[in-house]
Amino acid sequence: MLLLSGYVRARVITPELLLSLAAVAGSIGQQVREHGSFARLPATVMANVCNGMYLASETIRHIEKEPSLHFDADTRENLSTFKREVDNATKFILLWVKVVVQLHPAWVRWWAVPDASSLVDKVSGTIPFIWRW
């Protein structure tokens, strides 16, 4: 995922970019298959899967506009379909949550919980600061 992250940030194409994108896409699919559905992913896995989905989607968005990369029609359609499916799967994730996960994946524990009652900080009895926006 580091390669995708570097590409999204700097937009520098390397020979390993497409291999890394394929590896991340395969990893996302494997994680979802192992747990039966996206909704059943445990919180410990969710941060990595969401991060991978975001990076894959952003990478595809940028490479679709990249004039130096040429794909046949089937490959372009497959990339667009994968991006659309990933975007639809993550549609329910609020934008600020995506930003927080990108800034610090450990913070994902505050939103990847089964119910709202568990959002209250067990020590102070308050809602974590990221919910105060």
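**Confidence**

I began with confidence in this predicted model, using pLDDT, the predictor's confidence in each residue from 0 to 100. Among the elements of the chain, helix 2 (residues 17-35) has the highest mean pLDDT, 91, and helix 5 (residues 95-103) has the lowest, 65. Helices here are DSSP runs of H or I with at least four residues, strands are E runs with at least two, and both are numbered from the N terminus. The chain as a whole averages a pLDDT of 77, and 68% of its residues score at least 70.

I then looked at residues 113-133, where pLDDT stays under 50. The model has 24 contacts beyond four places in sequence for that stretch, a contact being heavy atoms within 4.5 Å. Where pLDDT is low, the predicted coordinates should not be read in detail, so I moved on.

My ground rules: residues are numbered from 1 along each chain as its sequence is written, and side-chain values use heavy atoms, leaving out hydrogens and water. In this predicted model, local features need pLDDT of at least 70 and side-chain atom pairs count only at pLDDT 80 or more, while totals for chains, interfaces and linings use all residues.

**The whole chain**

I found five helices and zero strands, so to speak an α-α-α-α-α run from the N terminus on. Of the 133 residues, 33% are buried; buried means under 20% relative accessible area, exposed over 50%, and partly exposed in between (1.4 Å probe, protein chains only). Among contacts between residues at least 6 apart in sequence, 48% join residues at least 24 apart.

**Helix 1 and helix 2**

How do helix 1 and helix 2 cross? Their axes come within 9 Å and cross at roughly 120 degrees. I took axes as lines fitted to C-alpha atoms, for helices over the stretch in contact, with angles from 0 to 180 degrees between N-to-C directions. That makes helix 1 oblique to helix 2, because angles under 35 degrees count as roughly parallel, over 145 as roughly antiparallel, 65 to 115 as roughly perpendicular and the rest as oblique.

Leu 3, Leu 4 and Tyr 7 of helix 1 make the contact with Leu 17, Ser 20, Leu 21 and Val 24 of helix 2. I stopped at Ser 20, which is buried with a relative accessible area of 14%. Not counting residues up to four places away in sequence, Ser 20 touches Leu 3 and Leu 4.

In the loop between helix 1 (2-10) and helix 2 I met Arg 11. Its phi is near 55 degrees, a positive value in a residue other than glycine. Most residues other than glycine have a negative phi. Arg 11 is partly exposed, at 41% relative accessible area.

**Helix 2 and helix 3**

Next I checked helix 2 against helix 3 (residues 43-64): they pack at about 140 degrees with axes 10 Å apart. This pair, too, I noted as oblique. Residues meeting there include Leu 17, Leu 18 and Leu 21 in helix 2 and Ile 60 and Ile 63 in helix 3.

**Ile 63**

Is Ile 63 buried or exposed? It counts as buried, at 0% relative accessibility. Leaving aside neighbours within four places in sequence, Ile 63 is in contact with Tyr 7, Leu 17, Leu 18, Leu 21, Leu 69, Phe 71 and Leu 79. I also noted that Ile 63 and Leu 79 are 16 residues apart in sequence and 9.7 Å apart in space, C-alpha to C-alpha.
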